[in-house]
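Got your viewer open and a hand on the mouse? Load the model below and follow along, one selection at a time.

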Protein chains: 2
Amino acid sequence: MKSREDIRNHLRRQRLLADGMTQQDLADRVGVTRQTILSIEKGKYNPSVGLAMRLAQVFGIAVEELFELGEGGGHD
Amino acid sequence: MKSREDIRNHLRRQRLLADGMTQQDLADRVGVTRQTILSIEKGKYNPSVGLAMRLAQVFGIAVEELFELGEGGGHD
DNA sequence: TGCGAATGTATATTAAGCTTTACATAGTGT
DNA sequence: ACACTATGTAAAGCTTAATATACATTCGCA
């Protein structure tokens with residue numbers, strides 16, 4: 001049973017590393033609302049790859065450094 | 001004017017490099033339907049980062065090697 | 001002590017990812 | 001000619017990402 005995606009992210013850590021960038025600042029830079037950033041940080045959902053890449057780009061890191069799969073082995 | 005995401009992908013190329021893996025095989029390995037793979041290949045949409053990472057993992061490459069942002073500069 | 005800035009919670013609504021089913025076309029082999 | 005496999009198209013439906021709005025909390029600061 002793996003209906004929920006189970007993805008970890010280091011958004012908050014990176015924001016803090018980036019001179020304490022706020023959720024709103026980050027949202028503006030990638031073109032989404034603050035709610036979206038907050039929900040991703042809280043693990044409430046699994047963003048599109050486009051958004052994920054823009055986020056990683058803001059921090060100058062790879063997508064895989066910002067998001068991690070749950071490593072449940074298979075896909076189910 | 002970049003409301004639509006505009007993401008390029010190298011899914012087909014990678015499939016062919018991977019010994020001609022079929023859309024169905026790939027779909028099975030990442031746990032989605034063939035339609036989903038086809039639609040992504042055709043650029044009809046922008047998968048979730050979870051799926052993008054599983055796809056990249058199948059080919060042993062980074063997400064950024066499989067998907068590319070439109071490079072429109074900003075987010076609009 | 002009260003204001004503003006940053007984060008969190010809640011809920012309702014819209015947009016888009018993904019599934020399911022069904023059919024159509026092109027290539028391959030017998 | 002017929003069957004089989006891989007790919008493409010299309011539409012209906014479900015689930016979830018993302019928006020919008022509103023309010024609550026904590027903190028620093030004038």
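We'll stop at the protein–protein interface, then a histidine, then the DNA. Keep in mind that this is a predicted model.

**Stop 1: chains A and B**

Give chains A and B separate colours and look where they meet. On each side, 26 residues take part: 26 from chain B are in contact with 26 from chain A. About 1,900 Å² is buried between the two chains, and carbon and sulfur atoms give 61% of that area. If you go hunting for salt bridges between chain B and chain A, the count is zero. What you can find is six residue pairs in polar contact across the two chains, with both partners at pLDDT 80 or more.

Now select the chain B side by element. Helix H2 (23-30), helix H4 (49-59), helix H5 (63-66) and strand S2 (67-69) of chain B each put in at least two residues. H4(B) has the largest share, at seven residues. Colour that side of chain B by residue type and you get twelve nonpolar, six polar and eight charged.

**Stop 2: A:His10**

Jump to A:His10, in the loop that runs between strand S1 (7-9) and helix H1 (11-17) of chain A. Is this residue buried or exposed? A:His10 counts as buried because its relative accessible area is 16%, below the 20% cut-off. Show side chains here: one polar contact, 3.2 Å, links A:His10 to A:Arg13. Another, at 2.7 Å, links the side chains of A:His10 and A:Glu68. Setting aside neighbours within four places in sequence, A:His10 is in contact with A:Glu65, A:Leu66 and A:Glu68.

**Stop 3: DNA strand D**

Select DNA strand D and everything around it. You should pick up 20 residues, and the closest are A:Thr36, A:Tyr45, B:Arg15, B:Gln23 and B:Leu38. By type, the residues of this surface are five nonpolar, nine polar and six charged. Helix H3 (34-41) of chain A, plus helices H1 (11-17) and H3 (34-41) of chain B, each supply at least two of them. Which helix gives the most? That's H3(B), with three residues.

Flip the view to the DNA side. Of the strand D atoms within 4 Å of the protein, 65% belong to sugar or phosphate, and the rest to bases.

Finish with three glutamines. B:Gln23 has a polar side-chain atom 2.8 Å from a phosphate oxygen of DNA strand D. B:Gln35 places a polar side-chain atom 3.0 Å from a base oxygen of the strand. Over on chain A, an N or O atom in the side chain of A:Gln35 sits 3.4 Å from a base oxygen of DNA strand D.

Terms used
Residues are numbered from 1 along each chain as its sequence is written. Chains are lettered from A and ligands numbered from 1 in the order in which they are written. This is a predicted model: local features need pLDDT of at least 70, side-chain atom pairs count only at pLDDT 80 or more; totals for chains, interfaces and linings use all residues. Side-chain values use heavy atoms; hydrogens and water are left out. Contact means heavy atoms within 4.5 Å. Buried area is the accessible area (1.4 Å probe) that two parts lose on being put together, summed over both. A salt bridge is a side-chain nitrogen of Lys or Arg within 4 Å of a carboxyl oxygen of Asp or Glu. A polar contact is a pair of N or O atoms within 3.5 Å; within protein, one must be able to donate a hydrogen and the other to accept it, and residues adjacent in sequence count only if both atoms are side-chain atoms. Helices (H or I, at least four residues) and strands (E, at least two) are DSSP runs, numbered from the N terminus. Ala, Val, Leu, Ile, Met, Phe, Trp, Tyr, Cys and Pro count as nonpolar, Asp, Glu, Lys and Arg as charged, and the others, Gly among them, as polar. Buried means under 20% relative accessible area, exposed over 50%, partly exposed in between (1.4 Å probe, protein chains only). A residue is near a molecule or strand if one of its heavy atoms lies within 4 Å of it.
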